[in-house]
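Colleague: Before I rely on a model at the bench, I would like to learn how to read its features one at a time. Could you take me through this one slowly?

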Amino acid sequence: MTAMARSDTGWRGGWRATVPLFLWLGLILVLAWLVFHYFILTFAVAGSVALLLGPAQDGLSRRVRGSRNIAAAILVLLVTLIILVPVLSYGTLITRQAVAFFDWLRPQLEPAAIERFWQVTLPSRFPLLAAWIRQAGGGKAMPATSTILPRVAAEANYYLQVVLAGLATAVFDVTIFLMMLFFLLRDGDEIRDVFRGVSPLTRGQETEAMHHLSRTVKGVLQSMMIVPLAQGAVAWVGFWLLGVPSPTLWSAMVVFASLIPLVGSPLAWVPAAIYLAVAVSPTRGVLMFLYGTFVICMVDNVIKPIILKGAAQIHTMLGFLSILGGLYAFGPKGLIVGPVVLSLVLSAYRIYRYDVLRWRDERPPDELTA
């Protein structure tokens, strides 16, 4: 009875100490989530890149007399240049094209020119579109210029605000990413030891997971360099065949546009299709649109999964779905986060299969490699 009473008393005392502790820890986790969840995806991307650059960080540290600060700063500077050079180059091209476009557009915005286009040119060159606009307007005549210009100005102002807000968000995200990358490179060993202290994985499991993750990130970054070049080459063929002026310049714009997640290459070839439809012939514009949709864009969906399969031994379908799902779920960061999540899932599967279930194929090695 005495032992049972002591056990009951000990359990009650433990309960009184444990429940408040878990409640306190839960509150801390909730507060930590509210503060840091905005940066989880950026941290995942920075951690993936830092994992890939880890050997370079170690080698560079030895060359600068063991200074991890200098080594990390040099690598972050190189990453910054890799990000800024395409962005600035594409921005320069876009600026030049925008200046030329507005020089051409300025006389077209005169009220007389707009009225002539709206009342004469559009119905004669695109009768189906003009009929659809009349039908949408309740069978009335083509709307007057005075009613069109305010709508166009309002829409342009709205999209300009959206673009400026997106640019500000992108600059902020890139700044946070570079800051995280610096500290992850500099203090990578200490951070790894902190997580290793609470990790349920053995050293071998951790090494295997990190190795597979590193190969996956390497494949993703390789695809982000190879795919734009391939899309630019394929786009050049289409531009040349369909008579787009300066096909080399337009294909270069496709290369830089392909580096922009979510939007990608259509940012370059859709204006080319519109130009052909308006300035040359509607048939060529439609052909350019079909070529861009089913040829240029398909390069991305074909090459990226193939590179992931070769780099990290990921099935082509899973690689494709991880990239697409990452984009849908996380936006531009999903290009890296999606394959990283897939890599972690496959590592967890292997750990469960081989270390938990203790499954081993008993066939001879010759049969397994045949």
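Modeller: Let us begin with Ser246, which has a relative accessible area of 46% and is therefore partly exposed, since that class covers values between 20% and 50%. Please keep in mind throughout that this is a predicted model.

Colleague: Where does Ser246 lie in the chain, and what is its phi?

Modeller: Ser246 belongs to the loop between helix 8 and helix 9, the latter covering 247-258, and its phi is positive, about 55°, although the residue is not a glycine. Arg65 can be read in a similar way: this residue, not a glycine either, has a positive phi of about 60°, and it sits in the loop between helix 2 and helix 3 (68-108).

Colleague: Is Arg65 buried or exposed?

Modeller: Arg65 has a relative accessibility of 83%, and because the exposed class starts over 50%, this residue counts as exposed.

Colleague: Having met several helices already, I should ask how many helices and strands the chain has.

Modeller: The chain has 14 helices and zero strands, so that, read along the sequence, every element in the pattern is an α. Of its 370 residues, 29% count as buried, and among contacts between residues at least 6 apart in sequence, 64% join residues that are at least 24 apart. A single example of distance in sequence set beside distance in space is offered by Val345 and Ala209, which are 136 residues apart in sequence while their C-alpha atoms are 9.7 Å apart. Val345 itself is part of helix 13, and with 49% relative accessibility it counts as partly exposed.

Colleague: How should I read the confidence values, and which elements have the lowest and the highest mean pLDDT?

Modeller: The general caution is that, where pLDDT is low, the predicted coordinates should not be read in detail. In this chain the mean pLDDT is 78, and 78% of the residues reach 70 or more. Among the elements, helix 14 (residues 365-369) has the lowest mean, 42, whereas helix 2 has the highest, 87. Over residues 362-370 the pLDDT is below 50, and this stretch makes two contacts in the model beyond its near neighbours in sequence.

Colleague: Let us turn to aromatic rings; how many aromatic pairs does the structure hold, and how is such a pair described?

Modeller: A pair of aromatic rings is described by the distance of the centres and the angle of the planes. The structure holds five aromatic pairs, and one of them joins Phe182 and Phe183, with 5.2 Å from centre to centre and 80° between the planes, an edge-to-face arrangement. Phe183 has a relative accessible area of 37%, which makes it partly exposed.

Colleague: Why does the pair of Trp269 and Phe289 count as edge-to-face?

Modeller: The planes of Trp269 and Phe289 stand at 65°, and because an angle over 60 degrees puts a pair in the edge-to-face class, this pair, with ring centres 5.8 Å apart, belongs there. The two rings link distant parts of the chain, since Trp269 lies in helix 10 (residues 266-280) and Phe289 in helix 11 (residues 282-312), 20 residues apart. Trp269, at 2% relative accessibility, counts as buried, whereas Phe289, at 46%, is partly exposed.

Colleague: Which residues line the largest cavity, and how much space lies in it?

Modeller: A search of the whole structure finds one cavity of 30 Å³ or more, and the largest cavity holds about 40 Å³ of space. Its lining is made up of Val220, Ser223, Met224, Lys304, Ile323, Leu335 and Pro339, which by class are five nonpolar, one polar and one charged. Helix 8 (203-242) and helix 13 (334-356) each supply at least two of the lining residues, and helix 8 gives the most, with three.

Colleague: And what lines the second largest pocket?

Modeller: The second largest pocket, with about 1100 Å³ of space, is lined by 33 residues, and Gly47, Leu51, Arg192, Met210 and Leu213 lie nearest its centre. The elements that each supply at least two lining residues are helix 2 (40-63), helix 6 (145-186), helix 7 (188-196), helix 8 and helix 13, with the largest share, 13 residues, coming from helix 2. By class, this lining has 20 nonpolar, seven polar and six charged residues.

Conventions:
Residues numbered from 1 in each chain as written. Predicted model: local features only at pLDDT ≥ 70, side-chain atom pairs only at ≥ 80, totals over all residues. Heavy atoms only, no water. 1 Å grid on protein atoms, 1.4 Å probe; cavity = no way out; pocket = protein on both sides within 12 Å on 5 of 7 lines; lining within 4 Å. Points joined across faces, edges and corners; volume = space filled by probe spheres on them. Helix = DSSP H or I, 4+ residues; strand = E, 2+ residues; numbered from the N terminus. Nonpolar A, V, L, I, M, F, W, Y, C, P; charged D, E, K, R; others polar. Phe/Tyr/Trp six-rings, centres within 6.5 Å; stacked < 30°, edge-to-face > 60°. Buried < 20%, exposed > 50% of the residue type's maximum accessible area, 1.4 Å probe, protein only. pLDDT = per-residue confidence, 0-100. Contact = heavy atoms within 4.5 Å.
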